[in-house]
Amino acid sequence: MIRVFGMHNIQPLLNKVYPKATTANGVYIYDEYGKAYLDGSSGAVTCSLGHSHPRLIPYIKQQLDKLQFVYRSQFGSEEAEQLATRLFEHSPERIYAHSFFVNSGTEAIETAMKTAVQYWQEKGFPSKQQFITRWKSYHGITVGALSLSGHPLRRQRFESTLEKYPRLKADLENDTLEKLTEEFVQVIESIGANHIAAFVAEPIVGAAGTALTPQAGYYQEMKKVCEHYQILFITDEVMTGLGRTGTWFGIEHWNTTADIVAIGKSLGAGYAPIAATLMTDEILEPIKNGSGLIMSGHTYSGHPLSCATANRVLEIIEEEQLLDNVNTQGEYIKQQLNVLKENYPVIQHVRGKGLMLGVEFDPARKGFQQKLIERCFQNGLLVYPSVGGPEGKDENGILVSPPFIISRSEADELLAKLDQSLNEINQ
Ligand SMILES: Cc1ncc(COP(=O)(O)O)c(C=O)c1O
């Protein structure tokens, strides 16, 4: 068999030759020919500190010399404990007292699902095993997390292997709060609250909704319904969490809290594969006082090097007051995206909070999104694909989500490249 260099690593499009990234610094990634790309999406909405952060790299090197790996059922570590404490301190009302560390957002969601089921078992309600999710949502790629997800394009091939969880279809932006609440109540009553473990939602819908942002008051109402029917509230903050929307947790924009939270992406900020499932005392106590064993985990859970890295990521966000920059640059970019909306009628919606901004295009312009992403790439700008449309099936959106460290002049460069790309393909 002939071995050809460059053909053994599987990437999404099997017939495409991807450029190789060789170095990266700040908001820029450089390919093998030295071409610079402004990282307008932080990869997959991940690299919140940008690349090669000078105050992070030496710390990671130091940690590597100290402790790399211990197995979670043999040892704890100072690194994991410090990170869990920091997350607790940043949680709204200091409510997320416990963290379970995993390696990806998908795993954090799977752990959240299992924790919810186990919680009800330990409380003597073993029939509470179902989940209610929303029509437009993405919670991860494994069978459990994909079962929760309302992302038709990612589900369709595997539909027969997925659990059929009930999903809410009402329009988060345009339907009244009464209608949204009524739908939720109807779904609960049709299944019976004694079968439902939890309601799962992304505070702001990312890949499956182009930063779809529920109206004011929405989560407070949903939480009231959850409490009334004794259903847990799980927020998927894998994309929104840890500053991306301008607050530490996305749910804070609605002045409420969840029982269990999945975080990922910005936790390791691209420097380490780490994610976590956070939970309140109320959730952990019955498990601790019952079987005393939480039934989830992975070989690399609580990896000291990853935990130390994430701990330093959060410390840098605090020390450099990056949430202020997320809010300032986020407002500016959103305002300028609205100017582009005036100039390009193909843009139907601009939405989102902080540096999680969505631009949704007219779904009648088939292929526009893909052409735009490719043209941006040629022009040295990275943006992230997202879906939209009434059923969440149209590939017609992008997320603009640069690193938290982006400066005003870099934001202007991002916007100029987007404008140029829109102009070139709109001809
Ligand atoms: C809201 C949300 N949940 C879960 C996931 C899955 O995370 P991961 O890709 O790290 O498994 C993603 C990934 O995009 C996400 O956006």
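This briefing walks through the domains, nonpolar cores, ligand surroundings, salt bridges and a few individual residues of the structure above.

The model is predicted, so local features need pLDDT of at least 70 and side-chain atom pairs count only at pLDDT 80 or more, while totals for chains, interfaces and linings use all residues. Residues are numbered from 1 along each chain as its sequence is written, and side-chain values use heavy atoms, with hydrogens and water left out.

**Domains**

- The domain assignment gives domain 1 (21–52 + 321–426) and domain 2 (59–319); such bounds come from an automatic or database domain assignment.
- Between the C-alpha centres of domain 1 and domain 2 there are 26 Å.
- Domain 1 brings 42 residues to the contact and domain 2 brings 38 residues, where contact means heavy atoms within 4.5 Å.

**Nonpolar cores**

- A nonpolar core is a set of buried Ala, Val, Leu, Ile, Met, Phe, Trp, Tyr and Cys residues joined through side-chain atoms within 4.5 Å.
- For accessibility, buried means under 20% relative accessible area, exposed means over 50%, and partly exposed is in between (1.4 Å probe, protein chains only).
- The largest nonpolar core has 100 residues, and Phe-199, Leu-267 and Leu-337 touch the most other members.
- This core lies between domain 1 (21–52 + 321–426) and domain 2 (59–319), because both give residues to it.
- Another core, of 27 residues, lies apart from the largest one; among its members are Ile-109, Met-113, Ala-198 and Ile-234.
- If you zoom in on Leu-267 and set aside residues up to four places away in sequence, its contacts are Leu-83, Leu-87, Leu-242, Ile-274, Ala-275, Ala-276, Ala-310, Val-313 and Leu-314.

**Around the ligand**

- The residues around the ligand are Ser-104, Gly-105, Thr-106, Tyr-138, His-139, Gly-140, Glu-202, Asp-236, Val-238, Met-239 and Lys-265; a residue qualifies if one of its heavy atoms lies within 4 Å of the molecule.
- Polar contacts, for which the cut-off is a pair of N or O atoms within 3.5 Å, come from both backbone and side-chain atoms in the next three examples.
- Gly-105 has a backbone N or O atom 2.9 Å from an oxygen atom of the ligand.
- For Tyr-138, a backbone N or O atom lies 3.4 Å from a nitrogen atom of the ligand.
- Asp-236 places a polar side-chain atom 2.7 Å from a nitrogen atom of the ligand.

**Salt bridges**

- Side chains of opposite charge can pair when their charged atoms come close.
- A salt bridge here is a side-chain nitrogen of Lys or Arg within 4 Å of a carboxyl oxygen of Asp or Glu, and the count by this rule is 15 salt bridges.
- Glu-360 and Arg-351 pair at 2.9 Å, N to O; Glu-360 is buried at 7% relative accessible area, and Arg-351 is buried at 8%.
- Salt bridges that share partners link Arg-55, Arg-86, Arg-312, Glu-315, Glu-318, Glu-319 and Glu-320 into one network.
- Within that network, the closest N and O atoms of Glu-319 and Arg-312 are 3.8 Å apart; Glu-319 is partly exposed at 43%, whereas Arg-312 is buried at 12%.
- Lys-223 and Glu-227 also form a salt bridge, with their closest N and O atoms 3.8 Å apart.
- These two residues are separated by about one helical turn, because they sit 4 residues apart in helix α8 (residues 218–229); helices are DSSP runs (H or I, at least four residues), numbered from the N terminus.
- Lys-223 is buried at 15%, while Glu-227 is exposed at 54%.

**Individual residues in helices**

- Thr-115 belongs to helix α4 (residues 105–122) and is buried, with a relative accessible area of 1%.
- Beyond residues up to four places away in sequence, Thr-115 touches Ile-260, Met-279, Ile-283, Ile-287 and Ile-294.
- His-90 is part of helix α3 (residues 78–90), and its C-alpha atom is 8.8 Å from that of Leu-242, 152 residues apart along the chain.
- Outside its neighbours within four places in sequence, His-90 contacts Trp-248, Phe-249, Glu-252 and Glu-318.
- Val-185 is in helix α7 (residues 177–191) and is partly exposed, at 23%.
- Leaving out neighbours within four places in sequence, Val-185 is in contact with Val-225 and Tyr-229.

Conventions. Polar contact = N/O pair within 3.5 Å; in protein donor to acceptor, adjacent residues only side chain to side chain.
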